[in-house]
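The following questions and answers walk through one structure step by step, with each answer closing on the value or name that was asked for.

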Amino acid sequence: MKLNELYRQGKFVITGEVGPVKGAISRDRSVEPNCAREAIFLQRYVHAVNITDNQSAVMRLGSLAASVYLKSLGIEPVYQLTCRDRNRIALQSDLLTAYSLGIDNVLLLTGDHIQLGDHKGAKPVFDLDSVQLIHMAAGLREGYDISGHPIENPPDMALGAVVNPNFEPMELQLLQMKKKIDAGAEFFQTQAVYDIELLERFMRQAEKLNRPVQAGVVVLKSPQMAQYMNEHVSGIQVPEAWIDEIGRTEKADRREKAAEMTGRFLRRVKSMVQGVHIMPMGWADLIPAILREAELSI
Amino acid sequence: MHATIQKPIEEIVQNIRSDERVFIVGCDNCAMKCCTGGWPETRAMAERLQKRGIQVAGYTVPGPAGVSLCKLSNTRKVLMEDCAEAVAGADSFLVLACGQGVHTVIDATGGAMVHPGCDTVFGGETVSDTEVKEYCSLCGECVIEYTGGLCPLTLCAKGLLNGPCGGAKKGMCEVNPDQPCGWIAIYERLKQLGRLDLIESYQKPKDYSKWGRPRSLVVSEHEATFRFYADSKTVRNDD
């Protein structure tokens, strides 16, 4: 089901996220890839599951293949598509393919730069930017390709986009968000945020743009992970208070603590947003505890 | 200007055969400014090659002072007339200039064997005697009217036309933490100019056919024709 249909019904939308495996899906169907195992578990707790597109520019199984695989298992995928590796022909073709294979939700992003990943010598494509990608996807839905040629059976998918409340200056990010909406974005997921006051400041402006926003959060597992994200993951800033709280906790108790911290954060921010997007980074089994703490359910 | 950096001497030597007599050609414009192919570097290259057992037939930096090697008529005259004797004894040319200069030597000599002595790195602004910076990607379709003259294709690592990617941290690019985010620079400049309205409108995808190589330009007093791929664009300059 399309996420914008859920929004129309007034639902508070909860999504999770999994990353495709570094490798192929086994021909032996009794061997589930990790991403599928996680998604199967998540399915009971979330409306849909994002499938990342070679995230951090690390080469993996394609997000479309993984999305279709999960769809075949009855899980609602949010197919992520980035501008990094495909020109406008490939992007359009992949959007048509996605719709043809049953995908209802697509999240359209710029993509992390190749220098962040494991194929640093590859040619960065970025033929389009994310605003142009959204504009093009909206055009396909209207029945035209980017060159203006009519297409058969226009793909009707919900068009999601991302926004980063951590970005300074915030005004520039809001300008960008407005352009994405004008281009056709129907819902937004934010980059991981940890600062309630910052999110509040962001949402005070963003809500004027009148599109549903899901607050994104990456489950923080350890102070080392926070340090790594602060240094290496683009657009994320974990505040000291989070690092201290998880750092003070005994290693054996950190899973429980991570669930408590994430849930507490979501409980405090849920009234500001129309949904949440939880990125469990392999700790998908914490999602029930997080949602319990956040007093959220589908 | 075309920014160049010399190839490591080992790489240059490796590509010259032991029985080959090489004539060295510099450039008195861009390569001179980059300290890759002015008179001092060209003279020094002759000594560096001879020290490594390479036979040097001669060397020159086509003058008059300040003239670019890529001005074919001048380079042809200097190599084929002024330096005719030394050039006649050369099997090949080592060019201490950009890739355009290398091709100019091919044209000037009627197709001689050439060795590039430099890597051509970008087209840039000479911001001081010791630094060249890139502000233009030579894309063939200038978009900087709406960005206050700062090129997003060049200053943004992803070449995004409609705003930043969201990956910047503390104002710095996700690709290189020492490089300011190009879009923040554009935003700050337009804000200062009171023209933030310029980046509010949708910028359509670029026409990359204009970046389709090889390109050429035919000019006259009245008009210029830019040729790219199978298409061309002619603009009058006197109406």
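Q: How many bridges join strand β4 of chain B to β5(B)?
A: In this predicted model, strand β4 of chain B covers residues 92–95 and runs parallel to β5(B). In general, strands of a sheet pair through backbone hydrogen bonds, either parallel or antiparallel. The number of bridges that join β4(B) to β5(B) is four.

Q: Which residue in β5(B) does Val95(B) stand opposite?
A: Strand β5 of chain B spans 113–116, and the partner of Val95(B) is found in this strand. The residue that stands opposite Val95(B) is Pro116(B).

Q: Which are the edge strands of the open sheet in chain B?
A: The sheet consists of four strands with parallel pairing, arranged in the order β3-β2-β4-β5, and its neighbouring strands are turned by 25° against each other on average when direction is ignored. An edge strand pairs on one side only, and this applies to β3 (55–60) and β5 (113–116) of chain B. The edge strands are therefore β3(B) and β5(B).

Q: What angle does the direction of helix α3 of chain B make with that of β3(B)?
A: Helix α3(B), residues 39–51, packs on the sheet, where it touches both β2 (21–25) and β3 of chain B. Between the direction of this helix and that of β3(B), the angle is about 180°.

Q: Which helix gives the most residues to the largest nonpolar core?
A: The largest nonpolar core holds 96 residues, and those touching the most other members are Val49(A), Val106(A), Leu108(A), Ile134(A), Ala137(A) and Val217(A). Leaving aside neighbours within four places in sequence, the contacts of Val217(A) include Phe265(A), Leu266(A), Ile278(A) and Met279(A). A second, separate core of 35 residues includes Val95(B) and Ile12(B). To the largest core, the greatest contribution, six residues, comes from α5(A).

Q: Which element supplies the largest share of the side of chain A that touches chain B?
A: Across the interface, 29 residues of chain A are in contact with 24 residues of chain B. The side belonging to chain A divides into eleven nonpolar, eleven polar and seven charged residues, and both α5 (130–142) and α6 (170–183) of chain A supply at least two of its residues. The largest share, seven residues, comes from α6(A).

Q: What distance separates the centres of domain 1 and domain 2 of chain B?
A: Chain B is divided into domain 1 (2–123), domain 2 (139–199) and domain 3 (212–239). Taken over C-alpha atoms, the centres of domain 1 and domain 2 of chain B are separated by 38 Å.

How values were computed:
Residues numbered from 1 in each chain as written. Chains lettered and ligands numbered in written order. Predicted model: local features only at pLDDT ≥ 70, side-chain atom pairs only at ≥ 80, totals over all residues. Contact = placed C-beta atoms within 7 Å. Nonpolar A, V, L, I, M, F, W, Y, C, P; charged D, E, K, R; others polar. Core = buried A, V, L, I, M, F, W, Y, C linked by C-beta atoms within 7 Å. Buried ≥ 20, exposed ≤ 12 C-beta atoms within 10 Å, placed from the backbone. Pairing = 2+ DSSP bridges. Axes fitted to C-alpha atoms, helices over the stretch in contact; angles between N-to-C directions. Domains from an automatic or database assignment.
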